[in-house]
Amino acid sequence: MVDHDADALRATREGYDAAASTYADLFRDTLRDRPLDRAILGAFAEAVRSGGGGRVADLGCGPGHVTAHLAGLGLDAFGVDASPAMIALAREAHPELRFDVGSMAASDLADGELDGVLSRWSVIHTPPSGLPAILAEFHRVLAPGGHLLIAFSATDGPSRPTQSFDHSVATAYRWSPDHLAALLRESGLAEVARLVREPEPTDRRQFQEVHLLARKAPDGA
Ligand SMILES: C[S@@+](CC[C@H](N)C(=O)[O-])C[C@H]1O[C@@H](n2cnc3c(N)ncnc32)[C@H](O)[C@@H]1O
């Protein structure tokens with residue numbers, strides 16, 4: 001990891017430590033009003049189970065509400081987050097589940113340990129220079145045939161591979177879906193499907209929301 005990526009991670013951790021309670025209050029029930037998110041999470045859970053396994057990490061899990069949703073779908077789900085305050089809230093809300101403080105770019109997980117990785121809005125604070133290392137780590141920890149579901153905001157159009165945007169916690173980035181799919185492919189993760197949600201007029205940010213489902217080759221390549 002180069003220094004400015006380490007600086008970005010430090011700023012992200014400190015920002016979410018300070019904002020953890022507010023974030024949890026705003027988002028702990030968010031899936032209730034998001035049928036498309038529930039649909040793609042359900043498809044991810046089925047894809048993971050169809051491989052015969054169910055061990056899934058929610059990387060950048062925040063307060064753990066989506067980790068708990070995955071556990072409710074029958075997966076052996078646990079969460080990892082850089083922010084100790086987020087992990088404390090996740091453990092308090094879901095004492096039956098495992099939550100660890102850690103970095104997505106360098107986890108303690110063994111090669112091929114997971115059947116699935118969820119990265120939901122957790123790469124948005126990763127500078128574009130740091131993203132390939134994180135995608136390589138997702139590939140490393142997935143078993144052959146394992147699935148990744150990654151959510152992020154889209155840029156204003158395909159001619160803009162990445163754009164930064166104002167975010168109250170830390171500098172944040174969006175990606176063109178095709179560009180992120182290409183980066184996934186370069187990391188050995190082939191796109192399976194994508195869901196692109198158009199912004200509602202009432203949404204605070206008028207960005208498309210993208211959920212990309214990708215898979216590591218069954219032969220582990
Ligand atoms: C926008 S929140 C998303 C939380 C949750 N996934 C959700 O869907 O609500 C981003 C989370 O990712 C975590 N995060 C960002 N970069 C990370 C990294 N490199 N390693 C571990 N966690 C990270 C932050 O601490 C924060 O809790």
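Val210 touches Ala151, Phe152, Ala154, Pro177, Arg194 and Val196, when residues up to four places away in sequence are not counted. The model in which these contacts appear is a predicted one. Val210 has its place in strand E9, and it counts as buried because it has 21 C-beta neighbours inside 10 Å, where 20 or more are required. One of its contacts, Ala154, is 56 residues away in sequence, yet the two C-alpha atoms are 6.4 Å apart in space.

The strand that holds Val210 is itself mostly covered, with 7 of the 8 residues of E9 buried. Two other strands pair with E9. Strand E5 does so in the antiparallel sense over 7 bridges, and within this pairing Leu148 has Ala214 of E9 as its bridge partner. Strand E8 also pairs with E9 in the antiparallel sense, over 8 bridges; here the bridge partner of Ala193 is Leu213 of E9.

Helix H5, residues 131-141, may be considered next. Its buried residues are Leu131, Ile134, Leu135, Phe138, His139 and Val141. An α-helix has 3.6 residues a turn, so residues three or four places apart point the same way. The buried residues of H5 pack against strands E4 (114-120), E5 (142-153), E8 (189-197) and E9 (209-216), and also against helix H6 (177-186).

Phe138 of this helix leads on to the nonpolar interior. The largest nonpolar core has 54 residues, of which Val56, Leu70, Val117, Leu118, Phe138, Leu148 and Phe152 touch the most other members. E5 supplies the largest share of this core, with 6 residues. For Val117, the contacts beyond four places in sequence are Ala57, Leu59, Phe138, Val141, Leu142 and Leu148. Two of these, Phe138 and Val141, are among the buried residues of H5.

Ala57 directs attention to strand E1, residues 55-59. Of its 5 residues, 4 are buried, so the strand is largely enclosed by the rest of the structure. E1 and E2 pair in the parallel sense over 5 bridges, and Ala57 stands opposite Phe78 in E2. Strand E2 covers residues 76-81 and includes Val80. Val80 counts as buried because it has 24 C-beta neighbours inside 10 Å, against the 20 or more required. Leaving aside neighbours within four places in sequence, Val80 is in contact with Ala57, Leu59, Cys61, Asp100, Gly102 and Ser107. Val80 and Ala190, by contrast, are 110 residues apart in sequence and 24 Å apart in space, C-alpha to C-alpha.

The surroundings of the ligand form a further topic. Its shell comprises 20 residues, and the closest are Gly60, Gly62, Ala82, Met104 and Ser122. By chemical character the shell divides into 10 nonpolar, 7 polar and 3 charged residues. Helix H1, residues 3-27, contributes the largest share, 5 residues.

Trp121 lies in the loop between E4 and H5. Although Trp121 is not a glycine, its phi is positive, at about 60°. Trp121 counts as partly exposed because its C-beta neighbours inside 10 Å number 16, which is between the limits of 12 or fewer for exposed and 20 or more for buried.

A hairpin is found elsewhere in the chain, formed by E6 and E7 with 6 residues between them. Strand E6 (residues 162-165) and E7 pair in the antiparallel sense over 4 bridges. Tyr173 in E7 is the bridge partner of Ser164. Strand E7, residues 172-175, directs Ala172 and Arg174 one way and Tyr173 and Trp175 the other, and all are buried.

These elements can finally be placed within the whole. The secondary structure of the protein comes to 6 helices and 9 strands. The radius of gyration is 16 Å, close to the 17 Å that the globule rule gives for 221 residues, so the protein is as compact as a globular protein of that length. Along the principal axes, the C-alpha trace spans about 45 × 40 × 40 Å. Buried residues account for 39% of the 221 residues. Among contacts between residues at least 6 apart in sequence, 66% join residues at least 24 apart; the pair Val210 and Ala154, 56 residues apart in sequence, has already been described.

Notes. Residues are numbered from 1 along each chain as its sequence is written. This is a predicted model: local features need pLDDT of at least 70, side-chain atom pairs count only at pLDDT 80 or more; totals for chains, interfaces and linings use all residues. The radius of gyration is taken over C-alpha atoms; the globule rule is 2.2 Å times the number of residues to the power 0.38. Two residues are in contact if their C-beta atoms, placed from the backbone, lie within 7 Å. Two strands pair if DSSP finds at least two bridges between them. A residue is near a molecule or strand if its C-beta atom, placed from the backbone, lies within 6 Å of it. Ala, Val, Leu, Ile, Met, Phe, Trp, Tyr, Cys and Pro count as nonpolar, Asp, Glu, Lys and Arg as charged, and the others, Gly among them, as polar. A nonpolar core is a set of buried Ala, Val, Leu, Ile, Met, Phe, Trp, Tyr and Cys residues joined through C-beta atoms within 7 Å.
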